[in-house]
There are 2 protein chains.
Amino acid sequence: MPKEIKIGIFGLGTVGQSVVEQIRVNGLLIEARTGILPRVIKAVTANPHKPRSVDLTDIEVSADPNFILDDPEIDLVIELIGGCDLAKEILLTSFAKGKAVVTANKALLAVHSREIFGAAAKTGARLGFEASVAGGIPILRMIREGLSGDRITGVSGIINGTSNYILTQMSEQGQSFADALKDAQALGYAEADPTFDVEGIDQAHKLLILMNLAFGGLFSFDQLYAEGITQIESIDIAMAKEFGYKIKLLGKAIDRGGSYEGRVHPALVPEDDLLAAVNGAFNAVSVEADFAGHLMAYGRGAGGHPTSSAVVADLVGVIRSFKGEAPPPLSLLPDRLVPKEILPIGEISSEYYLRFSVLDRVGVLAKITRALGDQNISISSMIQNERAAKAKDAVDVVIFTHQALERDIRKALEEIGQMDFIARPTKLIRVDSP
Amino acid sequence: MPKEIKIGIFGLGTVGQSVVEQIRVNGLLIEARTGILPRVIKAVTANPHKPRSVDLTDIEVSADPNFILDDPEIDLVIELIGGCDLAKEILLTSFAKGKAVVTANKALLAVHSREIFGAAAKTGARLGFEASVAGGIPILRMIREGLSGDRITGVSGIINGTSNYILTQMSEQGQSFADALKDAQALGYAEADPTFDVEGIDQAHKLLILMNLAFGGLFSFDQLYAEGITQIESIDIAMAKEFGYKIKLLGKAIDRGGSYEGRVHPALVPEDDLLAAVNGAFNAVSVEADFAGHLMAYGRGAGGHPTSSAVVADLVGVIRSFKGEAPPPLSLLPDRLVPKEILPIGEISSEYYLRFSVLDRVGVLAKITRALGDQNISISSMIQNERAAKAKDAVDVVIFTHQALERDIRKALEEIGQMDFIARPTKLIRVDSP
């Protein structure tokens, strides 16, 4: 029987259900990484009898917060109910009772940061909040642990998927703000009351958390400047494009040598900046560090699975810290590491770019395409660069294939290589399909 | 007197010197994050008397490895000499003597991974190797700690700056491979013998380390397929462009449900893929995880400062693990966190996009530009959208300013807002200057 960590979850919405699912699906993997099996034993939600799509077997559900808070068996509390009142009580009570806490609650941490972090420090409680900023991107860990030897001088980014989706639609589909918002609501990207997302408030919550971490201070949320995207019109997007910019809702914080900028507002971003390529519901965070230089992390900022990924990473962090051990170098416990085999290159499949240097004779293309077809390789496009000036000059024929097994491609190229019109070895470059 | 961790460094090349510099510059910051001051007390290098640009005061330098290895005072060994023979001996001896090790040596870890990780596990020694893959990007921590609850299903990326610089030059400047290589050598991006970089071997070393970590296995370097960029010709780059692709040297590993692809080769990457926008000496690593989804991290892959950033982050990780403590939630020790102020928005400076809706009268532009000039705001470009159909219709005038203080902009806009030709409130959007 492996050792267990017992977990109580507040909130069984999209994220809460995904956390339950992820712990079921990857529980044994986590055990292989830490030696400890995570197990959700209780959940508290306002509607304990509402049917859920996730398997709740072996999880007791109640509407009473004390069902979890008073249970001495529970080592770790996951808070996913949002809001500031009950959530704050849950955190403070959990700290006081020696329970570790993992939360996704950016509003709480931004508005009450001094109280929450103060209480965590005073009680020595573990507090994880990776999920509060940019869901699936482990940006807090990147700063706290990956840049732990650097002084951070700036953080900026696109950290609200809803507003970024709306701006992307306005820019790419020519939609008005109102229409793009309606679409975002229909797709579940925006809430019925979209104020927090479109007025920059959600983004400001996250920026404040990033500033506290990056600059090692406790900033006051009231001082943060926040302006949303409701005033952006199609003509602004068009004019920006004319000058080589895209409009993005940016959160931006700069250490100006001991005084600090912190602001959320739409901004014109140069089209060749990586941030300009962050579209739809994706997020990205840029960091400037004195030794690492410029870095950026990109990924899914919201949604059940990406957010639960952050929650569960915090859970693993808590387990590792309970054990007082550093994470193993290769993540798995050393005795779980096994030799593994890499497939021979012939076993991969890919699309291929093939460039044949051929003498310009009748029937060349037919012979090449037949040799490819004999190996079940189908062609997606083909181009002949130019005709040869003289019969003995080679011309280039480029063929893009559909997905094919490399073994088959090599067999076909070997056969083609022996044909008498081939002037130079054929060039093969694989096409990366994301 | 703060507590100290005593460090010995092997190698005083670019990275070694930068590590010494970073520990001097950010030592107190690290103390504020961990309670422990890092101090380099000894260095070993083949040329101990060679003058260095970094301040070596209080650091004893020798050519004898035992000068560090036999010193019981030294808690942590940083190995930056590269190669496999002496470096392996240094690691194994350090493990045996209970010293923690931080290394940037990708060849050693890729080719001898079973022996090195086996010895670390057997002795319980701490081993940090963030610097071995993609310098300034904390990709190993992102996977090990940020995605610790996810199953990783794929890793791919541009993890060799030299070859990426060469391909970027070929693509953007139309250079041949030979010319681009010569430039890379002149700029210090490529070594006199560039084999490891241009034949994909360096990239393969790094990919093997990523695979071990991401897939929780010990793979054999010999099974990894590696193909470089020496055969890429200008015509291939041109043909790729014609079909909407860029050519990049990719390292790519995929978990195909228990069998594994691992390969390094040039690939055609769709132009709208983020990896296609990774140019010059920058690196980027993409990860696919079962819950987090698709993520990417981007940053400087090589060079003294970015690499030392990774070395020092490992050093901080070792300190934190010695103390058996989790990293503090906000990175600084709680008692070092102080309230900090955010500047009022008027104090920021930016370039601005201003859109004025004006009635189409004589002298309008003169009045606007004079009001801006009165606040020392200079104009970088201006466009009038179209002329009004009738005298009472408003037209849009867009002005981009040079850098200006927001306070001045607001003063000017307030004045302009009172002018009688202003038809609607002026739109202000800040321009993000990277």
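Here are some short exercises, each with a worked solution, on a predicted model of two chains, A and B.

Before starting, note that residues are numbered from 1 along each chain as its sequence is written, while chains are lettered from A and ligands numbered from 1 in the order in which they are written. Because the model is predicted, local features need pLDDT of at least 70 and side-chain atom pairs count only at pLDDT 80 or more, whereas totals for chains, interfaces and linings use all residues.

**Exercise 1. Find the order of the strands in the open sheet of 6 strands in chain A.**

Step 1. Start with the terms: helices (H or I, at least four residues) and strands (E, at least two) are DSSP runs, numbered from the N terminus. Two strands pair if DSSP finds at least two bridges between them.

Step 2. Reading across the sheet in chain A gives S3-S2-S1-S4-S5-S6, with parallel pairing.

Step 3. Look at the ends. Strand S3 (60-62) and strand S6 (127-128) of chain A each have a single partner strand, so one side of each has no neighbour in the sheet.

Step 4. Now take one pair. Strand S2 (residues 36-44) of chain A is joined to S3(A) by 3 bridges, and Val44(A) has Ser62(A) as its bridge partner there.

Step 5. Add the helix. Helix H1 (residues 14-34) of chain A packs on this sheet, where it touches strand S1 (3-10), S2 and strand S4 (76-79) of chain A. The direction of H1 makes about 160 degrees with that of S2(A). Here axes are lines fitted to C-alpha atoms, for helices over the stretch in contact, and angles run from 0 to 180 degrees between N-to-C directions.

**Exercise 2. Place Lys206(A): is it buried or exposed, and what does it touch?**

Step 1. In the UniProt record, an unreviewed entry, the annotation "active site" covers Lys206(A). UniProt positions are given in the numbering used here, feature names are shortened, and annotations may be inferred rather than shown by experiment.

Step 2. Lys206(A) is found in helix H10 (residues 201-215) of chain A.

Step 3. A residue is buried if 20 or more other C-beta atoms lie within 10 Å of its own, exposed if 12 or fewer, and partly exposed in between, with C-beta atoms placed from the backbone. Lys206(A) has 25 C-beta neighbours inside 10 Å, so it counts as buried.

Step 4. Two residues are in contact if their C-beta atoms, placed from the backbone, lie within 7 Å. Not counting residues up to four places away in sequence, Lys206(A) touches Lys106(A), Ser132(A), Val133(A), Ala134(A), Ile159(A) and Gly251(A).

**Exercise 3. Describe how chain B meets chain A.**

Step 1. Count the residues: 106 of chain B are in contact with 107 of chain A.

Step 2. On the side of chain B that touches chain A, helix H12 (residues 304-322) of chain B gives the most, with 10 residues.

Step 3. Sort that side of chain B by residue type: 61 are nonpolar, 25 polar and 20 charged. Ala, Val, Leu, Ile, Met, Phe, Trp, Tyr, Cys and Pro count as nonpolar, Asp, Glu, Lys and Arg as charged, and the others, Gly among them, as polar.

Step 4. Look for strands that pair across the chains. Strand S11 (residues 260-270) of chain A runs parallel to strand S19 (residues 422-431) of chain B, joined by 2 bridges, and Ala267(A) stands opposite Arg430(B). Strand S19 (residues 422-431) of chain A and S11(B) also pair in the parallel sense over 2 bridges, with Leu268(B) as the bridge partner of Val431(A).

**Exercise 4. Work out which strands of chain B pair with S11(B).**

Step 1. Check its cover: of the 11 residues in strand S11 (residues 260-270) of chain B, 9 are buried.

Step 2. Strand S9 (residues 225-226) of chain B pairs with S11(B) in the parallel sense over 2 bridges, and Tyr225(B) stands opposite Arg263(B).

Step 3. S10(B) pairs with S11(B) in the antiparallel sense over 11 bridges; Ile254(B) has Glu261(B) as its bridge partner.

Step 4. S10(B) and S11(B) form a hairpin with 4 residues between them, and Gly257(B) in the turn has a positive phi of about 70 degrees.

Step 5. Finish at Gly244(B), in the loop between helix H11 (234-242) and strand S10 (245-255) of chain B. Gly244(B) counts as exposed because it has 11 C-beta neighbours inside 10 Å. Gly244(B) and Glu271(B) are 27 residues apart in sequence and 5.6 Å apart in space, C-alpha to C-alpha.
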